[in-house]
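User: I would like to go through this model step by step, beginning with the ligand site and then moving on to the strands and helices. Please give the reasoning before each answer.

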Amino acid sequence: MKKINVGIIGFGTVGKGVVKNLLKNSAAFSKKIGISVKLVKVADKNIKSNRGIKLAKGMLVSNPDLILEDDSIDIVVELIGGIHPAKEFIKKALSKGKRVVTANKALLAEHGKELFEHAAKNNSEIFFEASVGGGIPVLKGLREGLAANKIYSIHAIINGTTNYILSRMRDEGISYREALKAAQKEGYAEANPKLDVRGMDSAHKIALLASLASGKWIDLKDIYVKGIENVEQIDIDYARELGLVIKLLAVYKEKQDGIEVSVTPVMVKEKSMLAAVSAAYNAVLVEGDFVGNILYYGLGAGEKPTASAVVSDILDISRNILSGKSKPFILDFPNSRKKVKPMGKIRSQYYFRFRVIDKPGVLSKIAGVLGKNQISISSVIQKERNKGSAVPIVVMTHKACEKDVQKAVKLIDNLGMVKAKTVVYRVGGR
Ligand SMILES: NC(=O)c1ccc[n+]([C@@H]2O[C@H](COP(=O)([O-])OP(=O)(O)OC[C@H]3O[C@@H](n4cnc5c(N)ncnc54)[C@H](OP(=O)(O)O)[C@@H]3O)[C@@H](O)[C@H]2O)c1
């Protein structure tokens, strides 16, 4: 039986899961797929701490070069995270003719084009299932299961931390700060949660999903990103009253006039499948021209789910090595000349919450500005009455253009009777 030798760089959360899985299941893989996958070395900066896993003597090393320069190793698994030196490790592994598995979405979203080209030049490949949706096999789904389809759209909840925070805010009526603290206490949010709460982690992932769906490399800088730091309980309450739920949605859409890729908090219909995705769960709703709608759902992070995706990549690559085939990540199909549209051109329904002085004529003035900017109102909620003082007014619109919305809100916020910056949400999703 052919042996495939594996070296892992990074013995942290995911690294531990992968090591445990390979030690436990290697024999079963031999029986199931006829390949003997052997873990030969693990490298980490820290080789002293007790991770509760017994490795054979000499297997744990502190120098990654002992893996990168070991000719007997076929697959290098990069699990250190970050940009440098992960990028250099991957390039070196590929140059040495090794195949690579990584879970590093930040690195791939920022430098993926260069890395995939480097892999192709070296007749090698990079697999990265764990980089989006943790244990959910969504990249494989797009690449293989949905290969017969043109992908029209992807609507995804792909950051467990923000979904956990928004779920707690809605379920318990607590503030963003309180929910963030709870997420940190439960281990769902990092001590520094910026990458998650500002939407960048979701942006890294939708960049990869959108690249696979469109066949064209999607640049991070073309993605409109807005996080959840400013989500307030009052808007969660109004959303509930309107039958809506606030979710941080990563969206990809391909239309005649171009591609939309964005990450923003969106008010989605309470009855939609994505509204039901709560706590730290992830879900990716894909719409293809033949398959219709497909929902991928599961745990998007954590030691075991993420290790499940990494090891399935190791097995896929092992099969490729044995069959002498490789499946490079194909980019820039000749038919994918469509550009990413600027956010200003995106059309959506909108929710506005104005804070205005309660006096006659205010609503008509606001409606006037909206009307002049091609934004038509579908409904209005004003509950509080407090003559002469500031009260909230919620306005829902029909579909409008983001550029017009930005312009109208700027004008409205400059009106004397408006007492706070207007809160705006897109309404939609699926
Ligand atoms: N955790 C998840 O649930 C999850 C889910 C999906 C994807 N991912 C991705 O998986 C990757 C790994 O994440 P993780 O959560 O396992 O991270 P982690 O727990 O921080 O583990 C990374 C390990 O690599 C070590 N390391 C860092 N730089 C190194 C170097 N130059 N040489 C050798 N070892 C080095 C770290 O040591 P020190 O701690 O001493 O720096 C640490 O032990 C990241 O790209 C992450 O985005 C993680």
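User: By class, how many residues of the shell around the ligand are nonpolar, polar and charged?

Analyst: This is a predicted model, and in it 25 residues surround the ligand. The closest of them are Gly10, Gly12, Gly81, Ala103 and Ala301. Sorted by class, the shell consists of 11 nonpolar, 11 polar and 3 charged residues.

User: Which helix gives the most to the shell around the ligand?

Analyst: The helix in question spans residues 13-33, and just after it Gly34 takes a positive phi of about 70 degrees. Its contribution to the shell around the ligand is 3 residues, the most from any one element, and the helix is H1.

User: At which residue does H1 bend?

Analyst: The buried residues of H1 include Val14, Val18, Asn21 and Leu22. The helix does not keep one direction throughout, for there is a bend of about 55 degrees, and the residue at which H1 bends is Asn25.

User: Against which elements do the buried residues of H1 pack?

Analyst: Among the buried residues of H1 are Gly15, Lys16, Gly17 and Val19. The partners of the buried residues comprise three strands and one helix, namely strand S1 (3-9), strand S2 (36-43), strand S4 (75-78) and helix H11 (303-323).

User: Which are the edge strands of the open sheet formed by 6 strands?

Analyst: The strands of this sheet follow the order S3-S2-S1-S4-S5-S6, with parallel pairing. An edge strand pairs on one side only, and this is the case for strand S3 (60-61) and strand S6 (126-127).

User: What angle does the direction of H1 make with that of S2?

Analyst: H1 packs on the sheet, where it touches S1, S2 and S4. Another helix, H11, lies across S1, S2, S4, S5 and S6, running at about 165 degrees to S5. For H1 and S2, the angle between the two directions is about 160 degrees.

User: Why is Leu39 counted as buried?

Analyst: Leu39 lies in strand S2, and, leaving aside neighbours within four places in sequence, it is in contact with Val6, Val19, Leu22 and Leu23. A residue counts as buried if 20 or more other C-beta atoms lie within 10 Å of its own. Leu39 is therefore buried, because the number of other C-beta atoms within 10 Å is 20.

User: Which residue is the bridge partner of Val77 in S5?

Analyst: S4 and S5 pair in the parallel sense over 4 bridges, while strand S5 (residues 99-102) and S6 pair, also in the parallel sense, over 2 bridges. In S5, Arg99 and Val101 point one way and Val100 and Thr102 the other way, and all are buried. Towards S6, Val101 stands opposite Phe127, and the bridge partner of Val77 is likewise Val101.

User: How many bridges join strand S13 to strand S15?

Analyst: Strand S13 covers residues 347-357 and strand S15 covers residues 390-397, and the two run antiparallel. Within this pairing, Phe354 has Ile393 in S15 as its bridge partner. The number of bridges that join S13 to S15 is 7.

User: Which residue in S15 does Val380 stand opposite?

Analyst: Strand S14 (residues 377-381) is joined to S15 by 4 bridges, and these two strands run antiparallel. The residue of S15 that Val380 stands opposite is Val395.

Terms used
Residues numbered from 1 in each chain as written. Predicted model: local features only at pLDDT ≥ 70, side-chain atom pairs only at ≥ 80, totals over all residues. Near = placed C-beta within 6 Å. Nonpolar A, V, L, I, M, F, W, Y, C, P; charged D, E, K, R; others polar. Bend = angle between axes of the 7 residues up to and from the residue. Buried ≥ 20, exposed ≤ 12 C-beta atoms within 10 Å, placed from the backbone. Contact = placed C-beta atoms within 7 Å. Pairing = 2+ DSSP bridges. Axes fitted to C-alpha atoms, helices over the stretch in contact; angles between N-to-C directions.
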